[in-house]
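This report is written for someone meeting the structure for the first time. Please keep the sequence and the model in view while reading.

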Amino acid sequence: MATANDLVYNTTTVQAPKNRKWFIVPTEYLDKKRCAIKVVEVLFSCVAFVVEEIVSNCSACGPLYFFEFVSCTAFLFTLLLLILLATPLHQRVGINSWPTLDFSYTIGMAVLFFLASIVFAADNGGTSMEKTAVIFGFMATVMFFIDFGLFIKEKGIPCKKRTSQPTETTAGALPEREKLNGTD
């Protein structure tokens, strides 16, 4: 049985409707096109990483390890970013600048994947698995650059949008010299 306090509280308090959707695309940070591109980035990065892991021996292991690091990082962090931006979880994380984070991550990963793919293509054993990994590395690179270009086209560069607002100061205002307790 409801008491008078419960009735008053329930009638005057507006409760926000609970959104039970977990996948909410488009959002303010991720539209459907860029979501699809990020899914393809995750897939290409994953395939590049898995195929590279199948390589059993290497003649020069440095480029292989660099490619492994970049492809694994791209796969895991792009998947994390996709999950955060396509679900309500981005509202629970204490990040205020999702566009800047997404922009910086996308261009950074595009450049790293491009470098790793070039280095691995230039110095590998020539096996079919290594060539396949390089192909998927370049395909992932292209997707990251497409994502970056689409981001700039639709939203611009987020770092440039912040302009410093002039603070309100009165002309000739000097700081107060009187001490609070009145003693010198």
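## The disulfide and the cysteines

In this predicted model, a disulfide joins Cys58 to Cys61, with the two sulfur atoms 1.8 Å apart. The structure holds 1 disulfide, and the torsion about the S-S bond of Cys58 and Cys61 is about 75°, so this disulfide is right-handed. A disulfide is a covalent bond between the sulfur atoms of two cysteines. Cys58 is partly exposed, with a relative accessible area of 24%, and Cys61 likewise counts as partly exposed, at 26% relative accessibility.

Cys46 takes part in no disulfide, and the nearest cysteine sulfur to Cys46, which belongs to Cys72, is 9.3 Å away. Because its relative accessibility is 25%, Cys46 counts as partly exposed, whereas Cys35 is buried, with a relative accessible area of 7%.

## Overall fold

The protein contains 7 helices and 0 strands, and along the sequence the pattern reads α-α-α-α-α-α-α. Of the contacts between residues at least 6 apart in sequence, 77% join residues that are at least 24 apart.

How much of the protein is made up of buried residues? Of its 184 residues, 32% are buried, and the protein exposes about 12400 Å², of which carbon and sulfur atoms supply 64%.

## The nonpolar core

The largest nonpolar core has 33 residues, and within this core Leu30, Phe67, Phe113 and Phe144 touch the most other members. The elements that give two or more residues to this core are helix 2 (32–54), helix 3 (61–86), helix 5 (98–122) and helix 6 (128–155). Which helix gives the most to this core? That is helix 3, with 10 residues.

Phe144 shows what surrounds one of these core residues: leaving aside its neighbours within four places in sequence, Phe144 is in contact with Glu41, Ser45, Ala74, Thr78, Tyr105, Thr106, Met109, Ala110 and Phe113. Ser71, which lies in helix 3, is buried, with a relative accessible area of 0%. Apart from its neighbours within four places in sequence, Ser71 is in contact with Ser45, Ala48, Phe49 and Phe113. Ser45 and Phe113 are therefore among the contacts of Phe144 and are also among those of Ser71.

## Buried charges and their network

Side chains of opposite charge can pair when their charged atoms come close. A search of the whole structure finds 5 salt bridges, one of which is formed by Asp102 and Arg34, with their closest N and O atoms 2.6 Å apart. Asp102 lies in helix 5 and Arg34 in helix 2, so this pair ties together parts that are 68 residues apart in sequence. Are these two partners buried or exposed? Asp102 counts as buried, at 1% relative accessibility, and Arg34 is buried as well, with a relative accessible area of 1%.

Asp102 also forms a salt bridge with Lys38, in which the closest N and O atoms are 3.1 Å apart. Lys38 lies in helix 2 and Asp102 in helix 5, so the pair ties together parts that are 64 residues apart in sequence, and both of these residues are buried. Lys38 forms a salt bridge with Asp147 too, the closest N and O atoms being 2.7 Å apart. In this case Lys38 lies in helix 2 and Asp147 in helix 6, so the parts tied together are 109 residues apart in sequence. Lys38 and Asp147 are both buried. Through shared partners, salt bridges join Arg34, Lys38, Asp102 and Asp147 into one network.

## A nonpolar patch on the surface

Nonpolar side chains are also found at the surface, where Val111, Phe114, Leu115, Ile118 and Phe145 make a nonpolar patch of about 390 Å². Helix 5 gives the most to this patch, with 4 residues.

Phe145 is found in helix 6, and, with a relative accessible area of 34%, Phe145 is partly exposed. Helix 5 and helix 6 thus appear in the account of the surface patch as well as among the elements that give two or more residues to the largest nonpolar core.

How values were computed:
Residues numbered from 1 in each chain as written. Predicted model: local features only at pLDDT ≥ 70, side-chain atom pairs only at ≥ 80, totals over all residues. Heavy atoms only, no water. Disulfide = S-S within 2.5 Å. Buried < 20%, exposed > 50% of the residue type's maximum accessible area, 1.4 Å probe, protein only. Core = buried A, V, L, I, M, F, W, Y, C linked by side-chain atoms within 4.5 Å. Contact = heavy atoms within 4.5 Å. Areas by Shrake-Rupley, 256 points an atom, 1.4 Å probe, with all protein chains shown as cover. Patch = residues over 30% accessible without salt bridge, like charges linked within 9 Å, V, L, I, M, F, W, Y side chains within 5 Å. Salt bridge = Lys/Arg side-chain N within 4 Å of Asp/Glu carboxyl O.
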